[in-house]
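Me: Hi! Could you walk me through a bit of helix packing here? I'll ask as we go.

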Amino acid sequence: MNVGAVIATRNRRDSLLRTLAHLAALPERPPIVVVDNGSEDGTADAVRSAHPDVRVIGLEGNAGGAARTEGVRLLATEAVAFSDDDSWWAPDALARAARILDDHPRLALIAARVLVGAGATLDPTCLEMADSPLAGSGELPGPPILGFLACGAIVRREAYLEVGGFEPRLGVGGEEQLLALDLAVAGWGLVYVEDIVAHHHPRRGEPGRENRRGIQLRNDMWSAWLRRPPAPALRITGALAAACVREGLPRVLIEAARGLPWALRERRPLPPEVELAARRLSSGGSG
């Protein structure tokens, strides 16, 4: 199985160029597509100049995480590794993922071990995924999950496009949850594989990062309204609303409420087996 790479970016030229240098040095030499979310810092021209082998797609506006879907559609590879503009893959990670996907035809997504910063600190989400309470098959190459970090995920292209990819309304911040649920509903597997490694080097204080928490709270509410039965959805909404108040983010509640008509219109509650898995995660972990 061959693996390509997709990066969605916006106004992060210098970080993106560093990431592309790392990806270009991989022994797998993956084809790369960069989807530029309407950058105003010369990102597209800089990439074309420094990395002429990278395909750059410029969007007029900001499609957030859903911009990745444009890149997935353009790649002809059977699998796609997502990078953020500040993350990249360790050598041989993509080759290892390709072998696993070949060996497990109903596996849609591999979540990697994500190491953060120069100190290579394990992202706390990886601890949760490794300790997933979901019951797995002995045939799976790792713990089953219902969530992941987009900057450390490799997807089977067929499965990703089958469920429609990332929801455009969610932007960037917690957009992974809804996609994970939709893949599970479609009968695809998702696992955490510890020996596949991605590196994430976020820079503190960059514009927009202060809004990420609010976006994630909003998206968690929308995901609950879109997929969870009434009782869990109400319980989740209450907990998230309390977090918004506690953290001084009342605007998030207003923004979430504006999306309620859309969420109810697009609502497709989880089938019982996937809902049971979601409940297990709520009570026993968040993998």
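**Helix packing chat**

Me: Where is Ile236 placed?
Reply: Happy to help! This is a predicted model, and Ile236 sits in helix α9.

Me: Is Ile236 buried or exposed?
Reply: In between: Ile236 is partly exposed, at a relative accessible area of 22%. Buried would need under 20%.

Me: What does Ile236 touch, leaving out residues up to four places away in sequence?
Reply: Asp220, Ala224 and Arg228 are its contacts on that count.

Me: And how far apart are Ile236 and Trp225?
Reply: They are 9.2 Å apart in space, C-alpha to C-alpha, with their positions 11 residues apart in sequence.

Me: Back to α9, then. How does it pack with α10?
Reply: Helix α9 (residues 230-246) meets helix α10 (residues 250-258) at about 140°, and the axes are 7 Å apart. That makes the pair oblique, because roughly antiparallel takes an angle over 145 degrees.

Me: Which residues make that contact?
Reply: From α9 you have Ala241, Cys244 and Val245, and from α10 Pro250, Val252 and Leu253. By class, that is six nonpolar residues, with no polar and no charged ones.

Me: New topic: at what angle do α7 and α8 cross?
Reply: Roughly 25°, and the axes of α7 (residues 176-185) and α8 (residues 212-227) come within 9 Å. The two helices are therefore roughly parallel to each other.

Me: Nice. Which residues meet there?
Reply: Gln177, Leu178, Leu181 and Asp182 in α7 meet Asp220, Ser223, Leu226 and Arg227 in α8. That contact has three nonpolar, two polar and three charged residues. You'll recognise Asp220, which also touches Ile236.

Terms used
Residues are numbered from 1 along each chain as its sequence is written. This is a predicted model: local features need pLDDT of at least 70, side-chain atom pairs count only at pLDDT 80 or more; totals for chains, interfaces and linings use all residues. Side-chain values use heavy atoms; hydrogens and water are left out. Axes are lines fitted to C-alpha atoms, for helices over the stretch in contact, and angles run from 0 to 180 degrees between N-to-C directions. Helices (H or I, at least four residues) and strands (E, at least two) are DSSP runs, numbered from the N terminus. Angles under 35 degrees count as roughly parallel, over 145 as roughly antiparallel, 65 to 115 as roughly perpendicular and the rest as oblique. Contact means heavy atoms within 4.5 Å. Ala, Val, Leu, Ile, Met, Phe, Trp, Tyr, Cys and Pro count as nonpolar, Asp, Glu, Lys and Arg as charged, and the others, Gly among them, as polar. Buried means under 20% relative accessible area, exposed over 50%, partly exposed in between (1.4 Å probe, protein chains only).
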